[in-house]
Amino acid sequence: MKDFSGVSFHGAFRDYQARVLQNANRHLADRKIHIVAAPGSGKTILGLELIRGLGKPAVVLSPSVIIRQQWGERFEGAFMPEGAKADDFVSYDLKTPSLITSVTYQALHAAVNKLDLDDRDDETGETEDFRGFDLMKTIKAAGVKTVCLDEAHHLRSEWQRALEGFLKKLGGDVTLIALTATPPYDSKGAEWKRYHDLCGDIDEEIFVPDLVAQKTLCPHQDYVIFNYPTQEELQMISERRAKAAAQAEAELKSGIFAQAVQESGILFKWANFEEHIYERPEQFASLLMAAAVSGVKLNSQAQRLVADYTDQRLSSDDLERAMQLIIDRPEIFGRESSDELRGRLESRMMLDRGSVCIENNAAVEKALISSIGKLDSIAQIAQSEMNNLGQCLRMLILTDYIKKDLVSVVGSDEKLTAMGTVPIFEQVRRSCSADVALLSGTLVILPDKILPQIKELAKKAAVGFSSTAIDGVGYSKVQFQGSNKNKVSLITEAFNMGLFQILVGTKALLGEGWDSPCINSLILASFVGSFMLSNQMRGRAIRTDKNDPQKASNIFHLVTLDPTVSDKPSGADWTTVSRRFDCFMAPAYSSRVIESGTDRLDIIKPPFNAQTVPQLNAATLALAADRERMKKSWEVSYRATPTQKPEVSDAVETEGVPIKLGGGNLTSAILAAVFFGLLALIVTAMLFVPVWIRMIIMLIIAAVGVPVCISLFKKAGAGSTPLATFRTVSDAVLETLKRVGVITSRDCRCEVFDENGRLYAALKGGTNREKQVYSQALGELLSPIDNPRYVLMGDDSGINSMAVPSAVGNKKENAEILASLLKSKMQVVYTRSEKGRAALMRCRKNSLMAQNKGVRSKRAVM
């Protein structure tokens with residue numbers, strides 16, 4: 001086996017790459033290094049250099065065959081000694097490891113479990129028979145001491161178990177390199193812990209705004225185009241909602257809610273269930289009301305709960321909450337009843353990812369997100385972008401399914417009735433002046449006029465090529481010999497050459513790991529909602545192009561609106577887009593700030609109806625047409641100075657802190673100052689007293705009076721302005737998180753400032769996870785009170801009250817630390833009891849924090 005002597009990087013590292021490598025030895029003290037960097041930032045080069053520096057044979061694990069191959073290609077192009085053969089350094093097979101063995105997580109899972117890997121049905125699949133193969137013997141014999149995880153967030157639970165077992169058997173002297181563009185920030189606590197336990201703390205994070213400023217990524221902007229369902233889809237949605245409502249009514253008539261309440265014993269042993277009840281008061285109130293409708297007589301405590309948390313008219317929302325509670329708490333209501341209800345709801349598509357849905361059940365959501373109304377949106381975007389860029393347009397449209405069975409509609413007048421690569425291709429072909437191509441694992445369609453060039457490219461690559469004409473449209477189905485890699489490589493080259501302007505493909509084949517820097521327009525016609533996958537797809541468009549130094553990319557998101565809601569965007573698509581945007585950073589449309597979240601799309605305003613939505617779409621496309629304005633917005637929003645670079649932080653934004661906190665009486669401070677001043681004047685006027693005695697008295701007055709006055713004026717000033725109050729709250733949250741051990745970094749501090757009447761706070765220093773926890777805790781404290789475990793009450797009425805953040809609200813002593821730091825007399829009240837619930841209801845009803853509905857947590861450049 002070859003070694004790393006003679007292996008070196010042939011180019012020059014970018015500034016941020018050099019910084020990471022310079023700090024690598026410090027990060028590797030625990031034999032782990034965890035790097036987060038945006039798509040296009042050169043993670044693979046960083047990984048290969050870290051592997052080279054460690055000097056030991058390495059296994060590189062990737063989520064797809066395309067990314068697996070890229071590791072070998074990058075090594076061959078950027079590291080391999082001149083005249084050497086790639087096969088001498090790189091292997092793609094666990095059975096024959098080399099200096100660098102690049103394989104997929106799927107292959108490792110199969111090898112660990114001695115399985116026959118056969119993913120031929122997958123667009124990016126692979127085959128290998130690991131039955132009878134001794135993986136650990138082979139890997140240890142190869143001397144593997146480095147394991148590199150590329151995009152480890154992709155791990156399915158069974159893959160992660162296989163990887164953890166593999167690492168354990170390799171032993172403690174293995175070094176782990178974890179690289180990702182998309183850590184699972186949007187995951188739940190348990191999922192994050194599993195990811196963190198595997199990869200370790202994030203050591204370095206390279207942010208998109210920094211990369212755009214350094215011209216490593218191109219300027220880009222996100223746009224949302226709305227549509228409404230078709231009449232046929234509206235009718236189907238209405239029918240499915242009616243069917244789900246009838247099923248919920250049938251559950252009510254079946255007596256399941258009465259049975260659940262009676263068999264659990266809640267009404268007879270209320271005190272035993274208080275903790276459970278006040279953790280989920282709205283769900284219990286809905287269940288009790290449904291039971292009452294079914295004939296159950298409620299006790300006084302149950303009646304008060306129903307009165308407090310419902311309008312006492314049973315609704316579909318109440319039935320949703322009641323069924324959700326029975327499903328979620330089988331230990332209270334019985335495993336058999338819970339499982340039977342779950343089964344009935346699943347069979348009727350009323351359970352979506354564990355959540356009960358009546359109005360917006362899975363069938364309704366599926367109808368919205370797969371609405372063929374999006375085909376018109378795609379065609380509208382494609383023609384607009386063609387008008388903007390002409391032959392320079394390089395648009396990629398990504399979707400979930402191929403729909404190869406619909407290829408017969410190409411060239412016909414048939415109505416398009418589904419979403420997929422074939423319907424999208426045909427819609428664009430029918431309505432747009434651009435040349436369009438389709439690329440998927442099992443189907444390729446190209447314009448006839450470019451087939452001679454394609455044939456020539458295939459010949460140069462020694463790839464077999466054939467085509468079958470589609471009658472009457474000037475397009476042909478094309479076949480290439482060999483693996484998907486061959487066709488992807490050839491079509492990508494044709495795209496780069498400008499042989500066609502629009503490429504339609506699947507996210508499985510082109511959404512991750514595929515490189516085509518020429519893309520300057522992207523339509524995400526995929527239903528994938530997670531930040532991780534959508535960020536990878538978005539990364540296809542934001543890479544710089546050496547052939548187009550002025551490149552700026554537009555990214556379009558498609559949203560089908562629920563027509564029953566007009567005061568805000570509504571529906572499964574908008575929920576998905578909102579989740580995506582929580583971690584997408586770009587300039588706001590109308591202000592000089594780079595931030596995440598949908599608030600930056602500030603032209604999206606109600607009302608939403610059949611008249612206003614087309615106007616909104618037209619305004620959006622007009623914005624998208626002005627790429628020069630978009631590029632300028634990046635320049636003016638990223639305000640770097642010669643001495644200070646902007647920092648990306650998890651920020652909390654609010655209009656202020658409505659309740660009175662901390663501080664003291666300004667009058668008291670002034671009176672104290674006047675008192676000590678008068679005392680000094682009196683002593684000065686006492687001429688009959690020797691000078692030296694007067695001097696001693698004056699020193700005593702100064703020693704006592706100055707500290708007292710300073711303290712009183714500081715306390716008065718602490719609450720004298722909205723910014724001062726906000727600073728008090730921000731500092732108190734940080735200090736509390738430090739004292740209870742949630743934040744352990746010593747170098748962190750909170751930065752608070754006012755911009756155009758909006759207050760911002762963010763944690764500077766500390767780990768990225770600590771920044772996120774701080775932002776969430778401060779946001780919870782400043783938001784209207786919901787159902788916290790503890791509340792802070794400044795008075796019995798609840799007017800001056802705040803919620804204790806969940807990060808510190810697990811223990812009363814933690815809440816008391818926060819109360820003491822807020823510089824105000826605040827009583828800590830436990831809400832999981834009858835008395836505490838009454839206090840909570842007063843707080844929810846009366847607290848001035850209810851005015852603070854504009855609290856937002858987001859990532860921003862500060």
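A residue is termed buried when its relative accessible area is under 20%, exposed when the value is over 50%, and partly exposed in between. This classification is applied below to charged pairs and cysteines in the present structure, which is a predicted model.

By this criterion Arg-241, with a relative accessible area of 12%, is buried. The side chain of Arg-241 meets that of Glu-359 in a salt bridge, with an N to O distance of 3.9 Å. The two partners belong to distant parts of the chain, 118 residues apart: Arg-241 is located in helix 9, and Glu-359 in the loop between strand 12 (355–356) and helix 17 (362–369). In contrast to the buried arginine, Glu-359 is partly exposed, its relative accessible area being 37%.

A further salt bridge joins Glu-232 to Lys-415, whose closest N and O atoms are 3.0 Å apart. Because Glu-232 lies in helix 9 (residues 231–254) and Lys-415 in the loop between strand 13 (395–399) and helix 19 (421–431), this pair ties together parts that are 183 residues apart in sequence. The relative accessibility of Glu-232 is 47%, so this residue counts as partly exposed, whereas Lys-415 reaches 55% and is classed as exposed.

Lys-95 and Glu-128 likewise form a salt bridge through their side chains, at 3.2 Å from N to O. Lys-95 is situated in the loop between strand 3 (90–91) and strand 4 (100–104), and Glu-128 in strand 6 (residues 127–129); the pair therefore ties together parts separated by 33 residues in sequence. Both residues are partly exposed, with relative accessible areas of 32% for Lys-95 and 25% for Glu-128.

In total, the structure contains 48 salt bridges. Salt bridges also link Glu-595, Asp-599, Glu-653, Glu-655, Arg-758, Arg-856 and Lys-858 in a network.

The cysteines were examined next. With a disulfide requiring two cysteine sulfur atoms within 2.5 Å, the count is 0 disulfides. Cys-199 illustrates the result: the closest cysteine sulfur to its own is that of Cys-148, at 10 Å, which is too far for a bond. Cys-199 is buried, with a relative accessibility of 1%. Cys-843 is buried as well, since its relative accessible area is 0%.

Definitions and conventions:
Residues numbered from 1 in each chain as written. Predicted model: local features only at pLDDT ≥ 70, side-chain atom pairs only at ≥ 80, totals over all residues. Heavy atoms only, no water. Salt bridge = Lys/Arg side-chain N within 4 Å of Asp/Glu carboxyl O. Helix = DSSP H or I, 4+ residues; strand = E, 2+ residues; numbered from the N terminus. Buried < 20%, exposed > 50% of the residue type's maximum accessible area, 1.4 Å probe, protein only.
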